[in-house]
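Me: Please examine the structure shown below and answer a series of questions on the ligand site and on selected residues.

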Amino acid sequence: MADLVVVGSVALDTVSTPFGKVSEALGGSATYFSYAASFFAPVHVVGAVGEDFPRDHLDLLQRRGVDMEALEVRPGKKTFRWTGEYGFDLNEARTLETQLNVFAEFRPSLSPRHRAAPFLFLANIDPDLQREVRRQMTNPVLTALDTMNFWIEGKRESLLGALREVDVLLINDAEARMLARQPNLVKAARAIVELGPRVVVIKRGEYGALMVTGKDFFFAPAYPLENVFDPTGAGDTFAGGFMGYLAQRGLTDPASVRKAMIFGAVMASFTVEDFSLERLKRLSPADIEERYAAFRTMVNVEP
Ligand code: AMP
């Protein structure tokens with residue numbers, strides 16, 4: 001098993017969907033990612049929270065064995081907050097408010113142990129911060145990055161710089177179109193491959209996830225669920241399953257990356273079944289194995 005480092009938001013989310021609302025619930029890209037990845041490999045979070053961040057949330061991650069040595073608790077600062085809503089089309093979040101708070105001035109300094117980790121995930125956060133963490137790493141075997149419209153619009157140049165330094169980009173469909181300035185998704189993915197990453201994973205919510213490399217496609221369906229309550233964190237949880245599996249096996253070959261796509265889809269399918277991390281909290285390794293088997297059945301065809 002190889003070490004996996006993630007930098008990203010650790011947040012308090014206020015989210016409403018047609019099925020309910022939560023206020024200041026545990027969220028953040030690094031939170032969902034690390035919780036999901038912890039089922040597969042040792043994961044280390046780089047980030048910051050304010051002094052208002054509830055201790056219970058830290059305990060929850062600690063109980064999953066997530067290493068938080070590089071998660072700073074900043075006195076006198078407030079935690080990152082995100083407020084969003086979804087309509088009946090749960091595929092697209094509308095951001096109502098983003099408060100960077102403690103992340104507005106966070107400058108990480110990684111320990112030698114973190115710098116040496118072979119797997120790195122630059123979760124959705126300021127691309128300047130993603131680049132700073134990438135710069136401090138010694139020589140990662142695989143680096144993946146996620147981002148969103150907020151940064152594509154607000155920090156495009158820095159994001160393009162970050163993309164030159166990563167192997168994999170995970171991004172949702174609307175954001176892939178926005179980044180590539182190209183409405184066709186296949187062309188958008190190919191244009192993004194030209195920007196740096198050799199693998200582009202386009203997440204399409206209930207329509208699954210498409211992987212495009214220089215020469216190849218792979219598609220992971222989404223698990224057909226009857227009850228989807230809150231899609232928040234689905235992308236980060238997908239990434240947690242994807243990177244977690246690769247770090248667990250210590251592999252990056254094409255066949256392993258395909259399996260990682262399915263583990264990503266498996267983990268995302270749990271997150272959306274409840275608000276915040278509620279469904280993940282009730283998850284067992286046996287649930288993951290069972291749903292992985294269900295995915296295999298779902299996509300299995302005769303030659
Ligand atoms: P997703 O997996 O795309 O649904 O990610 C949702 C998570 O991203 C939420 O828990 C938010 O706290 C977090 N988030 C929202 N906006 C930002 C942002 N601009 N930077 C970093 N994290 C964000």
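Reply: A polar contact is a pair of N or O atoms within 3.5 Å; within protein, one must be able to donate a hydrogen and the other to accept it, and residues adjacent in sequence count only if both atoms are side-chain atoms. The model is predicted, so local features need pLDDT of at least 70 and side-chain atom pairs pLDDT 80 or more, whereas totals for chains, interfaces and linings use all residues. Residues are numbered from 1 along each chain as its sequence is written, and side-chain values use heavy atoms, with hydrogens and water left out.

Me: How far is a nitrogen atom of the ligand from a polar backbone atom of Asn 124?
Reply: Other polar contacts of the ligand include an oxygen atom paired with a polar backbone atom of Gly 28 at 2.7 Å and a nitrogen atom paired with a side-chain N or O atom of Ser 9 at 2.8 Å. For the backbone of Asn 124, the distance to a ligand nitrogen is 3.4 Å.

Me: What percentage of the ligand's accessible area does the protein cover?
Reply: Accessible areas come from the Shrake-Rupley method with a 1.4 Å probe; for residues, only the protein chains shown count as cover. On its own the ligand has 510 Å² of accessible area, and the protein covers 89%.

Me: Which element gives the largest share of the shell around the ligand?
Reply: The shell holds 19 residues, a residue being near the ligand if one of its heavy atoms lies within 4 Å of it. Helices (H or I, at least four residues) and strands (E, at least two) are DSSP runs, numbered from the N terminus. Strand E2 (11-17), strand E6 (80-85), helix H5 (149-154) and helix H9 (234-249) each give two or more residues. The largest share, 3 residues, comes from H9.

Me: Is Thr 17 buried or exposed?
Reply: Thr 17 is found in strand E2 and touches Tyr 86, Leu 90, Phe 229, Asp 230, Pro 231 and Phe 275, not counting residues up to four places away in sequence; contact means heavy atoms within 4.5 Å. Buried means under 20% relative accessible area, exposed over 50%, and partly exposed in between (1.4 Å probe, protein chains only). Because its relative accessible area is 9%, Thr 17 is buried.

Me: What is the relative accessibility of Arg 181?
Reply: Arg 181 is found in the loop between helix H7 (173-180) and helix H8 (185-194). Its phi is near 55 degrees, a positive value in a residue other than glycine. Arg 181 counts as exposed because its relative accessibility is 63%.
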